[in-house]
Amino acid sequence: MARLVLQSTLLCLLSVTLGTQDSDSFLPHEPHNCPHKCVCAADLLDCAGLGLREVPVTLPAAAADLDLSHNGLQRLPPGWLAPLSRLRALHLNHNELEALGRGVFTNASAGLRLLDLSSNALRALGRHDLDGLGALETLFLFNNHLAHLDERAFHHLGTLSRLYLGCNELSSFSFNHLHGLGAAHLRILDLSSNHIERTPVPDLAALPAFLKNGLYLHNNPLPCDCRLYHLLRRWHQRGLSAVSDFAREYTCQAFKVPASRVRFFAHSRVFENCSVALAQGLERPEEQLHVQVGRSLRLHCNTSAPALRVAWVSPQHELLVAPGSRNGSIAVLADGSLAIRSVQPWHEGVFVCLATGPRLPHNQTHEYNVSVAFPHPEPNAFNTGFTTLLGCAVGLTLVLLYLFAPPCPGCRRCYLRTCRCCHRCRRWPQTPSPLRELSAQSSVLSTTPPDAPSRKASVHKHVVFLEPGRRGLNGRVQLAVAEDFDLYNPSGLRLKASSESTSSTASEGLVMT
């Protein structure tokens, strides 16, 4: 029994010892090549705010996001990014870099998309300072001391879409060729809060619409030029974000004195004498197209000369080259035209054509503003036709009844006892009522007597009253006019009064026509 207890005790001690060794073997080791005091987590390398004066010598190859911001770096050694083959974002902001130099980014990763050089002390950008950044999409250069840009400083940045150059000391910018930038991908160009005084208005007007929407020029001492005023005012009316969002910060300098700055859109009296004719022809108007859902659409890139390369930009800011869009709904044909087989609501917006070629004086653009509408529901053809036919039949029936079955005269007068042609006429009573008899008798008033073969017409016969029956007269005077009654001697008039009321004889007067 004691032996068993001893064996179990030894086994327990052995297991505890082995477990301790195994646990020590699984303790996390320090990441491979992680610089001192830096934080390495998965593909992140954070060395921000450590007061570094130089770039760390050893850098882990797995780093995809490198943060060296808020340090004291003054220079970058050539080829220092060679080990970082997976790098996608590089943060070098808030350092003391005064220049970059040739070959600094030569060995950068082909997947580097973001470079932050903001809040440094850079004064100029040379032609080869940004070589090796062919896949870069976003470049932050704001809050430096940049006063000069080489004409080809951004030549190799063919996919750059966002360039931030605000809060520098630039006095000019080449809007003609954008210092080597390609306008096909560029969406945001921030030049705000600089010293830009010269702005070639035709070059600004020739920019594509999507770049005008992201061109920030506020807080610059722009000249109070009539053409520039009309151009910016048009952009403001069109609702371009770069102008409408910062309308109060667009100022111009009326004189060569900084204190003479006025706001473009707040002090319009400065531009009262500007002729509207100066603004005509600055911008090529975009073509307005209206198409219904489900219809086909084809857009042609109209240029002044044959283009060598043609690309399109969709309303969703997608660059369209042959064969077409990613979802297959838009095709770019061999002749450079754009074709949509079945238009959908998401195709609404501005399509921009970008054309380049040796025969073109400069890169040309053509814009189409496409409006998509749902088709109106067509009316039911059967119901409409049936209603029209029924209306025609009813109208024809009424016309025929009016022409061939008119009401008979007896139905209108009903002098006969029985009306045979109209079923609505009733049989009159044999003894006429006093009112009908009186009405019939009083209606025979004429200056010409009725025709009778046994009578001669008298020229003195003008008024004839037929003597009604005594019943129903209510005491009125009965007049009997002789045929030889003389109008010029009315003394021969004989008056007869009914026996019912002789007192009313003198109250009634003679009525003659």
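This tour proceeds from the whole chain to selected strands, residues and one helix.

**The whole chain**

Begin with the entire protein chain, bearing in mind that the model is predicted. The protein chain holds eight helices and 24 strands. Of its 513 residues, 35% count as buried. The chain exposes about 32,200 Å², and carbon and sulfur atoms supply 56% of that area. Among contacts with a separation of 6 or more, 59% are accounted for by residues 24 or more positions apart.

Next, colour the chain by pLDDT. The mean is 74, and 66% of the residues reach 70 or more. Select residues 10–29, where the pLDDT is below 50; beyond near neighbours in sequence, this stretch has zero contacts in the model. Then select residues 493–513, where pLDDT also stays under 50. For residues 493–513 the model has 30 contacts beyond four places in sequence.

**The open sheet of nine strands**

Now display the open sheet whose nine strands follow the order 1-2-3-4-5-7-9-10-11, with mixed pairing. Its edges are strand 1 (39–41) and strand 11 (215–216), each of which pairs on one side only.

Within this order, select strand 5 (residues 114–116) and strand 7 (residues 138–140). These two strands run parallel and are joined by three bridges. Leu114 may be used as a marker here: the residue opposite it in strand 7 is Thr138.

**Tyr216, on an edge strand**

Move to strand 11 and select Tyr216, which has its place there. Is Tyr216 buried or exposed? Tyr216 is buried, because its relative accessible area of 17% falls under the 20% cut-off. Show its surroundings: not counting residues up to four places away in sequence, Tyr216 touches Ile188, Leu189, Asp190, Leu191, Ser192, Ala242, Phe246 and Tyr250. Then draw a distance from Tyr216 to Ser241, which lies 25 residues away along the chain; their C-alpha atoms are separated by 8.9 Å.

**His177, in a loop**

Select His177 in the loop between strand 9 (162–164) and strand 10 (188–190). His177 is partly exposed, with a relative accessible area of 32%. Which side chains make polar contacts with that of His177? One polar contact, of 2.8 Å, joins it to the side chain of Glu151, and another, of 3.0 Å, involves the side chain of Ser174. The C-alpha atom of His177 is separated by 9.1 Å from that of Asp203, 26 residues apart along the chain.

**Helix 4 and its cover**

Select helix 4 (residues 226–238). Its 13 residues should span 18 Å at 1.5 Å a residue, and its end C-alpha atoms are 18 Å apart, so the two values agree.

Look at the N-terminal end, which is capped by Asp225: a side-chain oxygen of Asp225 lies 3.1 Å from the backbone nitrogen of Arg227. Just after the helix, select Gly239, which takes a positive phi of about 80°.

Now show the side chains of Leu228, Tyr229, His230, Leu231, Leu232 and Trp235, which are buried residues of helix 4. For reading this list along the helix, a general rule is useful: an α-helix has 3.6 residues a turn, so residues three or four places apart point the same way. What covers the buried residues of helix 4? The cover includes helix 2 (201–205), helix 3 (209–212), strand 12 (222–223) and helix 5 (241–244). Strand 11, the edge strand in which Tyr216 is placed, is also part of this cover.

**Strands 17, 18 and 21**

Finish with strand 17 (residues 309–313), selected together with strand 21 (residues 349–356). They pair in the antiparallel sense over five bridges. Strand 21 is mostly covered, with six of its eight residues buried.

Add strand 18 (residues 319–320), which pairs with strand 17 in the antiparallel sense over two bridges. The hairpin of strand 17 and strand 18 has five residues between the strands, and His317 in this hairpin takes a positive phi near 65°.

The last residue to select is Val313. Which residues are its partners in strand 21 and strand 18? In strand 21, the bridge partner of Val313 is Val352, while in strand 18 Leu319 stands opposite Val313.

Note on methods. Residues are numbered from 1 along each chain as its sequence is written. Side-chain values use heavy atoms; hydrogens and water are left out. Buried means under 20% relative accessible area, exposed over 50%, partly exposed in between (1.4 Å probe, protein chains only). Helices (H or I, at least four residues) and strands (E, at least two) are DSSP runs, numbered from the N terminus. Two strands pair if DSSP finds at least two bridges between them. pLDDT is the predictor's confidence in each residue, from 0 to 100. Contact means heavy atoms within 4.5 Å. Accessible areas come from the Shrake-Rupley method with a 1.4 Å probe; for residues, only the protein chains shown count as cover. A polar contact is a pair of N or O atoms within 3.5 Å; within protein, one must be able to donate a hydrogen and the other to accept it, and residues adjacent in sequence count only if both atoms are side-chain atoms. The expected span of a helix is 1.5 Å times one less than its number of residues.
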